[in-house]
Every structure is written in structure tokens, then in C-alpha cells.
Amino acid sequence: MTNAWWEKVCYHSLGHRTSQEMTYDICRMALERGIPGDFVECGVYAGASSAIMAKAIMEHVANRGEYALSDNRCVRLFDSFEGIPLAGPEDSELAHKPAGEAKCSLEDVKRNMRDWGIPDELLVYHPGWFQEVLPMEMPATLIGRLDPGWRIAVLRLDGDLYRSTKVCMDYLYPLVPPGGYVIVDDFDLSGCKKAILEATNPAPIYFRKPNEPSKTS
């Protein structure tokens with residue numbers, strides 16, 4: 001990937017470029033180590049992280065000289081496409097935030113993907129609120145349509161809130177196989193951290209020290 005591509009995609013991200021680079025590195029590690037399953041992002045905003053996950057698949061496949069879907073791997077995007085819902089009592093830092101922040105429509109995300117050169121066949125969209133979509137779609141759309149052993153090689157959570165994170169951990173975390181990866185974008189928020197620790201504590205925490213901000217004279 002060129003630096004120009006990174007700059008264009010990260011411009012549409014709410015996070016630091018270092019975080020996006022780590023997402024790419026983790027996805028490449030999952031591919032190189034043969035971790036079974038799709039890549040899944042919950043809370044996609046404009047689609048930058050999902051595009052980077054897809055790019056990891058594309059480059060891994062290009063290096064092997066095989067067709068992109070030869071291993072039936074894709075990126076699944078879960079999002080309401082209506083912004084972040086109202087915070088709950090566990091989300092003290094976000095209590096003042098109105099509903100609908102960080103909204104990006106499904107049409108805009110698809111437009112971004114085309115602009116970034118991500119093929120449609122690598123992307124599967126699951127629009128709707130997590131607590132409605134996951135209980136409804138998990139048995140029929142994901143496991144039933146694919147196979148009973150469907151897995152998630154990399155699960156990226158960016159739902160901000162306790163309830164949004166918890167429902168993803170309830171339904172999706174059990175599908176991450178041993179050796180699979182979970183990326184939690186909002187672990188610094190108390191509600192998100194609570195939901196993660198309820199499901200994983202005790203567990204190791206991995207992080208990458210961000211680059212020093214560039215200094216201007």
C-alpha cells in the first residue's frame with residue numbers, strides 16, 4: 001500500500017494512524033498464521049478500518065498469486081449507519097453526548113470502499129443496531145448460511161458504549177478461535193472496558209505505543 005492510500009483512508013478515520021497500522025499488522029499475522037475465520041468490525045463509521053482489513057486480505061492473496069476469495073474469507077461490517085446510540089449508566093464519559101454522533105450512511109461507506117479500491121465481493125454488510133442484528137442474524141445469516149463451524153479470525157470492536165460492546169462480546173467473541181485476535185478501539189472508556197473485562201478477566205492486554213506527534217517549528 002502506498003502512503004497516499006494510507007493518508008486518504010486514514011483521513012476518514014476517527015482514530016490515530018498508528019491504530020490503523022496495527023489493525024493491518026494484526027490482520028496480516030492472522031492470515032500468515034492460518035487463523036480460520038472472517039474479519040469482523042463492529043462500529044465501522046466511514047469504513048476506514050474495514051477497508052484496511054480487506055486490504056490485508058487482498059495483499060496476502062496477491063503475494064500467493066491466488067484469487068481473493070479462494071479461502072472464502074471476507075470482511076463483515078456491523079453498524080447501525082445511524083451513529084452512536086444514547087449512552088447508558090455505565091458510560092459516564094459519554095453521558096452528555098446526543099444520539100447519532102459519528103454517523104456515516106451505508107451509501108457513503110460503500111462509496112468510500114469503491115474510491116479506495118476495495119472490491120464488493122470482499123465485503124458483507126450487516127446494517128442495524130447490534131442488539132437487534134446479532135441475535136437475529138447470527139444463527140441464520142452467518143452460521144447457517146456458511147457452515148456450523150464459522151469463525152472470526154480478527155474481531156475489531158468500536159462501539160464506544162457498554163451495551164454495544166457487551167452484545168458483541170456475547171455473540172461474537174465465542175466465535176474467535178484460539179489464537180484469534182480481538183481489537184478493542186475504546187478500551188479507555190469505562191463502559192467499554194467493563195464489558196470487555198466481564199467477558200475476559202483475567203486476560204492479557206496488548207498494545208502498541210503510538211508514534212510521537214510530529215513537532216512543528
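Valine 154 touches Ile26, Cys27, Ala30, Asp38, Phe39, Val40, Met53, Tyr181 and Ile183, leaving out residues up to four places away in sequence. Keep in mind that this is a predicted model. Valine 154 makes a good starting point for a walk through it.

Begin with the nonpolar cores. The largest one has 37 residues. Within it, Phe39, Met113 and Val154 touch the most other members. Many elements feed this core. At least two residues each come from α1 (3–10), α2 (17–32), α3 (48–64), β2 (75–79), α4 (106–115), β3, β4 and β5. Helix α3 gives the most, with 8 residues. Apart from this core lies another, of 21 residues. Its members include Cys42, Leu161, Val167 and Val176.

Now turn to the sheet. In general, strands of a sheet pair through backbone hydrogen bonds, and the pairing is either parallel or antiparallel. Which kind is found in this sheet, parallel or antiparallel? The pairing is parallel. There are 5 strands, and they form an open sheet. Read across it, the order is β3-β2-β1-β4-β5. The edges are β3 (123–127) and β5, each of which pairs on one side only. On average, neighbouring strands are turned by 15° against each other, direction ignored.

Look closer at one pair in this sheet. Strand β1 (residues 38–42) runs parallel to β4, and the two pair over 5 bridges. Phenylalanine 39 has valine 154 in β4 as its bridge partner. These two residues have already appeared together: Phe39 and Val154 are among the core residues that touch the most other members.

Next comes helix α7, residues 190–200. Which of its residues are buried? They are Gly191, Cys192, Ala195, Ile196 and Thr200. These residues cover an arc of only 150° around the axis, so they sit on the same side of α7. The general rule helps here. An α-helix has 3.6 residues a turn, so residues three or four places apart point the same way. What covers the buried residues of α7? The cover includes β4 (152–157), α6 (162–171) and β5 (181–184).

Serine 190 also belongs to helix α7. Is serine 190 buried or partly exposed? It is partly exposed, because its relative accessible area is 28%, while buried means under 20%. Serine 190 and glutamate 90 are 100 residues apart in sequence. In space, their C-alpha atoms are 7.0 Å apart. The side chain of serine 190 reaches the backbone oxygen of glutamate 90 at 3.3 Å. Leaving aside neighbours within four places in sequence, serine 190 is in contact with Glu90, Ser92 and Glu93.

Finish with two loop residues and their backbone angles. As a rule, most residues other than glycine have a negative phi. Tyrosine 45 has a positive phi, near 50°. Tyrosine 45 lies in the loop between β1 and α3. Its relative accessible area is 28%, so tyrosine 45 is partly exposed. Aspartate 160 also has a positive phi, near 70°. Aspartate 160 lies in the loop between β4 and α6. Is aspartate 160 buried or exposed? Aspartate 160 counts as buried, because its relative accessibility is 15%, and the cut-off for buried is under 20%.

Key. Residues numbered from 1 in each chain as written. Predicted model: local features only at pLDDT ≥ 70, side-chain atom pairs only at ≥ 80, totals over all residues. Heavy atoms only, no water. Buried < 20%, exposed > 50% of the residue type's maximum accessible area, 1.4 Å probe, protein only. Helix = DSSP H or I, 4+ residues; strand = E, 2+ residues; numbered from the N terminus. Arc of directions from axis to C-beta. Contact = heavy atoms within 4.5 Å. Pairing = 2+ DSSP bridges. Axes fitted to C-alpha atoms, helices over the stretch in contact; angles between N-to-C directions. Polar contact = N/O pair within 3.5 Å; in protein donor to acceptor, adjacent residues only side chain to side chain. Core = buried A, V, L, I, M, F, W, Y, C linked by side-chain atoms within 4.5 Å.
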